[in-house]
Amino acid sequence: KDKDTLDFIRNLCQNRHVCIQSSLAKVSSKKVNEKDVDKFLLYQHFSCNIRSIHHHQILAINRGENLKVLTVKVNISDGVKDEFCRWCIQNRWRPRGFARPELMKILRDSLNDSFKRLIYPLLCREFRAKLTSDAEKESVMMFGRNLRQLLLTSPVPGRTLMGLDPGYKHGCKLAIISPTSQILHTDVVYLHCGQGFREA
């Protein structure tokens with residue numbers, strides 16, 4: 001809980017390689033729907049630096065973790081721990097005068113334990129919370145930008161229109177409306193399999 005120590009370790013992580021990794025959860029094959037597993041094939045062996053990961057990737061990883069399909073962890077390089085322990089001994093809690101070897105061993109063991117049991121989980125929670133918060137904000141902003149563009153699109157007067165929602169597994173959804181905005185027809189077509197060519 002020492003503020004200076006936590007500030008030091010946070011600053012240290014800013015300049016070091018910290019990555020987020022996801023893999024298929026061990027229990028997923030027994031308990032999870034196969035369709036859910038298929039959705040997260042891209043993230044079964046995924047690793048990316050937290051400074052270069054995209055917002056949509058964070059949201060997808062979080063969804064996979066919530067569905068218990070993916071296991072996610074933050075990986076901090078061993079160099080961070082070594083430099084942190086060295087700083088604590090030499091700068092923060094430097095023993096005055098000559099410290100006996102057995103006391104130095106206690107101090108080093110305490111630092112290793114505090115990093116592994118307390119500081120590392122704290123950093124992981126902070127990184128995940130910040131990544132998720134930034135991704136959610138960007139997602140809402142993008143939705144707003146897309147909706148704004150859609151609402152500002154000028155109408156097409158006097159024309160019959162067809163709207164298309166492309167889809168692969170669940171087909172392409174179609175809707176046809178008249179010049180007076182009456183729904184004339186809705187349909188789902190599967191253009192990629194079977195009678196796809198005829199339907200197209």
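Two strands are said to pair if DSSP finds at least two bridges between them. In this predicted model, strand β4 (residues 161-165) and strand β5 (residues 172-177) meet that condition, with 5 bridges in the antiparallel sense. The two strands form a hairpin in which 6 residues lie between β4 and β5. Within the turn, G171 has a positive phi of about 80°. L164 of the hairpin has L174 in β5 as its bridge partner.

Strand β5 also takes part in a second pairing. It is joined by 6 bridges to strand β6 (residues 183-189), and the two run antiparallel. K173 stands opposite V188 in β6. Here again a hairpin is formed, with 5 residues between β5 and β6. The turn of this hairpin contains S181, whose phi is positive at about 70°.

The chain as a whole contains 7 helices and 6 strands. Their order along the sequence is α-β-α-α-β-α-β-α-α-β-β-β-α. The radius of gyration is 27 Å, whereas a compact globule of 200 residues would have a value near 16 Å. The C-alpha trace spans about 90 × 40 × 20 Å along its principal axes. Of the 200 residues, 30% count as buried. The exposed surface of the chain is about 14,700 Å², and carbon and sulfur atoms supply 56% of this area. Among contacts with a separation of 6 or more, 60% are made by residues 24 or more positions apart. The chain carries 33 positive and 20 negative charges, and the mean positions of the two sets are 2 Å apart.

A further set of pairings involves strand β1 (residues 18-24). Strand β1 is joined to strand β3 (residues 70-76) by 7 bridges, and these strands run antiparallel. β1 also pairs with strand β2 (residues 45-49), in the antiparallel sense, over 5 bridges. The residue C19 appears in both pairings: it stands opposite N75 in β3 and opposite N49 in β2.

Q21 also lies in strand β1. Its relative accessibility is 22%, so Q21 counts as partly exposed, because buried means under 20% and exposed means over 50%. Leaving out residues up to four places away in sequence, Q21 touches F46, S47, T71, V72, K73 and N75. Between Q21 and C88, which are 67 residues apart along the chain, the C-alpha separation is 29 Å.

Two residues of helix α1 (residues 3-14) were examined in the same way, beginning with L6. The relative accessibility of L6 is 16%, and L6 therefore counts as buried. Apart from neighbours within four places in sequence, L6 is in contact with K1 and L122. L6 and R96 are 90 residues apart in sequence, and their C-alpha atoms are 23 Å apart in space.

The other residue, T5, is also placed in helix α1. T5 has a relative accessibility of 5% and so counts as buried. With residues up to four places away in sequence not counted, T5 touches F84, W87, C88, R92 and W93.

Definitions and conventions
Residues numbered from 1 in each chain as written. Predicted model: local features only at pLDDT ≥ 70, side-chain atom pairs only at ≥ 80, totals over all residues. Heavy atoms only, no water. Helix = DSSP H or I, 4+ residues; strand = E, 2+ residues; numbered from the N terminus. Rg over C-alpha atoms; globule rule 2.2 N^0.38 Å. Buried < 20%, exposed > 50% of the residue type's maximum accessible area, 1.4 Å probe, protein only. Contact = heavy atoms within 4.5 Å. Areas by Shrake-Rupley, 256 points an atom, 1.4 Å probe, with all protein chains shown as cover. Lys, Arg positive; Asp, Glu negative; His and termini not counted. Charge placed at Lys NZ, Arg CZ, Asp CG, Glu CD.
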